[in-house]
Amino acid sequence: MSSPRGQANHRLYLARLLLAAWRRDLAAEDIPASVLAQAFGPAVRSHLLDAYGWFLLDLQQPAQLPATPPHSVTALPPVAPGKAVPAEIAEFAQLEQQGWLAELLQEPGAEQHRRSAASLAAPAAHLLDPDSLQAQAQLLDDAFARMGDFLDEC
């Protein structure tokens with residue numbers, strides 16, 4: 001297995017490939033936008049969450065890597081005794097509570113789903129869209145670059 005940072009970068013790359021394909025399919029106008037959102041949105045979000053988790057693991061440097069990455073700070077493995085929690089992880093924890101990461105971590109349509117569990121159709125207002133996912137991918141990339149440069153200097 002490659003390094004956690006390598007895994008994070010790879011997942012971010014896969015998310016960007018899917019976003020590009022989604023935009024191509026939207027431009028072709030052969031398939032309704034809502035169907036494309038149902039097909040591409042969850043996959044892009046999954047790659048972004050995995051990228052985030054692998055980067056968290058890169059920051060924490062646990063003794064043993066899990067088979068799958070966590071999707072939040074609270075799901076990280078425990079810190080080894082005597083080892084400090086990196087400040088970057090605390091920053092991410094705050095962003096998970098309120099900020100762009102909170103939006104990424106929010107299950108799409110979670111509130112709406114509770115209200116209309118009997119409906120099989122996904123309301124268009126609760127579907128993921130390529131613009132917001134692209135923005136979140138860029139924010140992840142920016143955070144990885146900023147924090148990665150800092151870690152490389154240490």
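This report describes salt bridges in a predicted model, with attention to Asp50 and its partner.

The structure contains six salt bridges. Three of them are listed below, each with the distance between the closest N and O atoms.

| Salt bridge | Closest N–O distance | Separation in sequence |
|---|---|---|
| Arg11 with Asp50 | 2.9 Å | 39 residues |
| Asp131 with Arg23 | 3.1 Å | 108 residues |
| Arg45 with Glu107 | 3.6 Å | 62 residues |

Asp50 belongs to helix H2, which spans residues 33–60. Leaving aside residues up to four places away in sequence, Asp50 touches Arg11, Pro69 and His71. With Arg11, Asp50 forms a salt bridge. Arg11 sits in helix H1 (residues 4–28) and Asp50 in helix H2, so this pair ties together parts of the chain 39 residues apart in sequence. Asp50 has a relative accessible area of 10% and is therefore buried, the limit being under 20%. Arg11, at 22%, is partly exposed.

Helix H1 also holds Arg23, whose salt-bridge partner Asp131 lies in helix H6 (residues 130–153). Asp131 is exposed, with a relative accessible area of 52%, while Arg23 is partly exposed at 32%.

Arg45, in helix H2, pairs with Glu107, which lies in the loop between helix H4 (100–105) and helix H5 (110–115). Arg45 counts as buried at 10% relative accessibility. Glu107 is partly exposed, with a relative accessible area of 47%.

Definitions and conventions. Residues numbered from 1 in each chain as written. Predicted model: local features only at pLDDT ≥ 70, side-chain atom pairs only at ≥ 80, totals over all residues. Heavy atoms only, no water. Helix = DSSP H or I, 4+ residues; strand = E, 2+ residues; numbered from the N terminus. Buried < 20%, exposed > 50% of the residue type's maximum accessible area, 1.4 Å probe, protein only. Contact = heavy atoms within 4.5 Å. Salt bridge = Lys/Arg side-chain N within 4 Å of Asp/Glu carboxyl O.
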